[in-house]
Amino acid sequence: MTDQPSELPPIMKREAKPSAVNDREREVRDEGRRATLRFWTKMLGATLAVLLVLAFTEHFVSRVTELPYFQMTNLEVTGDTDRVPYYRVEEAVKPILHGNYFSFDLEEARCVVETVPWVKHAVVRRAWPDGLAVHVESYRAVAMYEDGRLVSEEGELFAANPDERENLSVQLPTFYGSSSQVPQIVTGYRDFMRALEPLGASVTDLHFSERGSWSLVMTSPDIPPTPIELGVDDGKGSVLASLANMVAAYPRMVEMMNGPPSSVDMRYPKAFAASLPDRKAVERHREAMQNAGLIAEPDDAADRKE
């Protein structure tokens, strides 16, 4: 026998190692579970805290925004207030001017304001803390349409009182034609007005037929209302050229016929036709212009009045 310890049997060596490993693995797993539990506990707590804060904040904000201080009570109107006065905008928005500064529907207000006569476009914004600010842009009328509506500079049709337009001393011309053709009629009107400038005349009526034929009525203090047939444009400015030819020849026509022609037809390729003067129409027109102070009365008429 010796004093050295004898080696453990092989079977005991095999059992000691797996037991220690298993204990360690259990400790690791348990620690992982505890860490996961702590994480989700913290997350749940944080989530509940956030929800409580949000609920409190929403309640607080809701109570604050409902204070009378923020109720929509004031209205400010800027822009073209000559044609779009304050009281008309107020009448339009008053039925919807409810709620508060934060909840008021600006898009609804804009749509309502743009139904007011003469309003072309409206910009609507909130005015702190209890008001609505409205800026209006109005139409500019250049003509009457055949159905009584007005025609804007851009060729848009709109409903408004023509007596409320600017410069009432200028008579609006009347346009006739399909509503879809109004923008084209506006363009033609401007071209024809420039062509008539040498005569000092203006267009009072302008027709544009479905087949594209133009006709107009021109007048001036010295020219009674005179219908002019221009025909269909060839796409190269033939109608405008015909009118320019008529303007150039007009003084000669008046001289030859001893008075302004009662009508002119420019639809012939290389000629035109002019009707003889209507003496009664010429006299009525002269009297109307004298009464309006647009032309001077003859000397003998002035003497008779004295």
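**View 1. R88 and E164 shake hands in a salt bridge.** In this predicted model, the side chains of R88 and E164 come together with N and O 2.5 Å apart. R88 sits in helix α2 (residues 86–93), while E164 belongs to the loop between β6 (157–158) and β7, so the contact ties together parts that are 76 residues apart in sequence. Is R88 buried or exposed? R88 is buried, at 18% relative accessible area, just under the 20% cut-off for that label. Its partner E164 counts as partly exposed, with 27%. The structure holds 14 salt bridges, and the next two views pick out some others.

**View 2. E137 and K120 link two strands through their side chains.** Here the salt bridge has an N to O distance of 3.9 Å, against a limit of 4 Å for calling such a pair. E137 is in strand β3 (residues 131–138) and K120 in strand β2 (residues 119–127), so this pair ties together parts 17 residues apart in sequence. Both ends get some exposure: E137 is partly exposed at 38% relative accessibility, and K120 is partly exposed at 26%.

**View 3. R149 pairs up with D147.** The closest N and O atoms of this salt bridge are 2.8 Å apart. R149 is partly exposed, with a relative accessible area of 31%, and D147 is partly exposed too, with 44%. Elsewhere, which residues are joined into one network by salt bridges that share partners? They are D80, R83, R140 and E166.

**View 4. Strand β4 is mostly covered and has two pairing partners.** Four of the five residues of β4 (residues 141–145) are buried. On the antiparallel side of the story, β4 pairs with strand β5 (residues 150–152) over three bridges, and A143 has V151 as its bridge partner in β5. The two strands make a hairpin with four residues between them. Look for G148 in the turn, where phi is positive at about 100°. β4 also runs parallel to β7, joined to that strand by two bridges; there, Y145 stands opposite F175.

**View 5. Strand β8 is largely enclosed by the rest of the structure.** Why is that said of β8? Five of the seven residues in β8 (residues 202–208) are buried, so the strand is largely enclosed. β8 pairs with β7 (residues 174–176) in the parallel sense, over three bridges. One place to find this pairing is Y176, whose bridge partner in β8 is H207. Add helix α4 (residues 182–196), and β7, α4 and β8 make a left-handed β-α-β unit.

**View 6. β8 and β9 form a hairpin.** Strand β9 (residues 213–219) pairs with β8 in the antiparallel sense, and six bridges hold the pairing. L206 is matched with L216 in β9 as its bridge partner. Four residues lie between the two strands, and G212 in this hairpin takes a positive phi near 90°. As you trace either strand, keep in mind that side chains in a regular strand alternate between the two faces of the sheet.

**View 7. F39, W40 and M43 make a nonpolar surface patch.** The patch covers about 350 Å². W40, one of its three members, lies in helix α1 (residues 10–65). How is W40 classed, buried or exposed? W40 is exposed, with a relative accessible area of 55%.

Note on methods: Residues are numbered from 1 along each chain as its sequence is written. This is a predicted model: local features need pLDDT of at least 70, side-chain atom pairs count only at pLDDT 80 or more; totals for chains, interfaces and linings use all residues. Side-chain values use heavy atoms; hydrogens and water are left out. Buried means under 20% relative accessible area, exposed over 50%, partly exposed in between (1.4 Å probe, protein chains only). Two strands pair if DSSP finds at least two bridges between them. A crossover is right-handed if, with the strands pointing away from the viewer, the path from the first strand over the helix to the second runs clockwise. Patches are made of residues with over 30% relative accessible area and no salt bridge: like charges are joined within 9 Å, nonpolar side chains (Val, Leu, Ile, Met, Phe, Trp, Tyr) within 5 Å. Accessible areas come from the Shrake-Rupley method with a 1.4 Å probe; for residues, only the protein chains shown count as cover.
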